[in-house]
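Thanks for coming. Please have the sequence and the model open while I talk.

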Amino acid sequence: MSFFTELKRRNVFRVGIAYLIGSWLLAQIAGLLLDTFKAPDWTMQFIVVVLMIGFPVALFFAWAFELTPEGVKRESEVVRSESIRRETGQKLNRGIIAILVLALGYFVWESRFSSEKGSEPLSQKTEPGSDPFSQQTAMQATIAGEKRALTPIEATPNNAGPAISSKSVAVLPFVNMSSDPEQEYFSDGITEEIINALVKIPGLSVPARTSVFGFKGHQGDVRNIGEQLGVAHILEGSIRSQGDEVRITAQLIKVDDGFHLWSETYDRKLVNIFLVQEEIAGAIATVLTGELGLGVVAVPNRTSNMAAYDSYLHGRALLHKRGQDNLGQAVESFKRTIELDPEFAPAWAALALTYSVGELGTDLLAETISTARHALSLDPQNVDALDALASALRDSWQWAEAEHYFEQAMAIDPQYSELLEDYAEFFGMVGRIDQYLSTAQEGYAIDPLLGPLADAYMMALMANGQYAQAIEVIEQWIRSTGEAHKNPWWYEPFWKMLPLMASGDNAGAIAMANRLGPDNMAEPIRIAIITLLENPANEQARDVLRTAVGGEKRAEYDPDSWMANLVLIHTGDIDFVIDDIIAEAQKFRFGNIEDIWSPIYAKLRQHPRFAEYLELVNLPEYWDQAGWPDICQRKDGGRIACQ
């Protein structure tokens, strides 16, 4: 008799099959129960080891022993003619079928359960007494989860058009599970760092920070969130930090069915936080692209000083909030980071960025440039530093050098939405309005909830005479973010005045001005605008607007003086406006000038002294090198003529 036949006769194969299927089912049930009762992670590992050890033991007993009516006997003691192995084999067959049915039922139930629970926040396993997090209960996770109720966000260019790529993932803001709510900047910062790490992986599509943070503090079906963000996968998780310990839990969910593709919990010392970010990015890359980042260093420029890193993340959170108070605090945070670790390039770059988005003067422009250059001396590939340097050079009208650094930054990260915003504004300032529009449109498709980028896209549309589309952008942004009355720049009637004036519809522009309130525009200026639109000969109203336009002005126009300026141009006060902008250029030698290429400024561009203004802002010198735009040309004798 062959060995194989003897194995079959002694039911060794049947016992092995029954044991494997039963062990799988037992492990699944054990995993569910252990998770429910928050058992330590090693408990499941212990069960698996025991089951693995038991497999060869079960095969040995099937070979060496036999079940008889008198009980278990050694196989050598059983008379072959009295053996009931055949009947035992039939019972094993029926047992195997029963276990298979149970396993199949569990598999179906678990798949449906995962789909239904796919959008729930991760449950946090706590090992009582074994780590610094043992004092925080599962109730905190439940409470945090209940706070995340989805707020509808309008469909955006992210999710319109082509089919969603299977290699796309949105990183929702990780939930702060620390005992201190003030630590939320840390979880937000780590979320942003994970986004930045994933962006560096070739072939992976990742929505920008602004878009995903629109879902911060909310919960909803991942299918709805995924559709709005235009992705096939969602990464969500939570972070708990205490002392020098951190626990990060993350899970990757398939949007179309809510199925969990991957999940992991990382318990690390804070000093290893960068490794965790790379581990998460690498795991996502493995699942979605089959590659571990193709050799990309996902988290460059690390610091071994965790106090410096904490201060850096705090500064980043303040930088994202904008506003002069927040920016001032961000500057202090980044300066503290630099004191703790002078070689940490991202802190220098972030400090330069903070300077660049504030209300700049000539001194601060110089500080921005020197800070950004120092960051680049530490890391020549830092995109934030390149962006800050290029933007500061742009705003100081050093066009050729600014373009050089913008191109360098774009070669490194062409999908960085804030970089695209700044680069688009460069094109707007130098009169290349077609590239102004295409670059702003590209950035807006990536990050439509970024306010300054929506502003740049809207202004680019206006510069190209597409007023109706510009109004659609501003209305979309207001609906998506709820910013309708918080900032006068984003109040819809304010912007609708422009195309109405451009088309000669003074009555329509007046109707929009009547909808403005004191939160949107100073009342004397609003009344003067209405009066002058009704009667361009009213000198008293004109004097009010001239006062609003003239005098000390910032690098960025305030809404009152900007609209007053436009109304003065519209009502024919071209000499006053051209004198004013020339005087301003002579005095400040910096500023944002992309507005002048919109059609509503056509009368200003045709003024004989407009060429004098262009010389002051260094544009003819740049155009002689880079090529003249369609809107302005150098004629015979060197004369400049603009449309």
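I will go through two helix pairs and then the aromatic rings.

This is a predicted model, where local features need pLDDT of at least 70, side-chain atom pairs count only at pLDDT 80 or more, and totals for chains, interfaces and linings use all residues. Residues are numbered from 1 along each chain as its sequence is written, and side-chain values use heavy atoms, with hydrogens and water left out.

Helices here are DSSP runs of H or I, at least four residues, numbered from the N terminus. Take H11, residues 324–340, and H12, residues 345–357: they pack at an angle of about 160°, with axes 9 Å apart. Axes are lines fitted to C-alpha atoms over the stretch in contact, and angles run from 0 to 180 degrees between N-to-C directions. Angles over 145 degrees count as roughly antiparallel, so H11 and H12 are roughly antiparallel to each other. Among the residues in contact (heavy atoms within 4.5 Å) are Leu327 and Phe334 in H11, and Trp348 and Leu351 in H12.

The second pair is H14, residues 383–395, with H15, residues 399–412. Their packing angle is about 160° and their axes are 8 Å apart. H14 and H15 are therefore roughly antiparallel too. Their contact includes Leu386 and Leu389 of H14 and Trp399 and Phe406 of H15.

Now the rings. How many aromatic pairs does a search of the whole structure find? The number is 19. Rings of Phe, Tyr and Trp (its six-membered ring) pair if their centres lie within 6.5 Å. One aromatic cluster is formed by Trp399, Phe406, Tyr423, Phe426, Phe427 and Tyr622. Trp399 and Phe406 also belong to the H14 and H15 contact.

How values were computed: Phe/Tyr/Trp six-rings, centres within 6.5 Å; stacked < 30°, edge-to-face > 60°. Helix = DSSP H or I, 4+ residues; strand = E, 2+ residues; numbered from the N terminus. Parallel < 35°, antiparallel > 145°, perpendicular 65-115°, else oblique.
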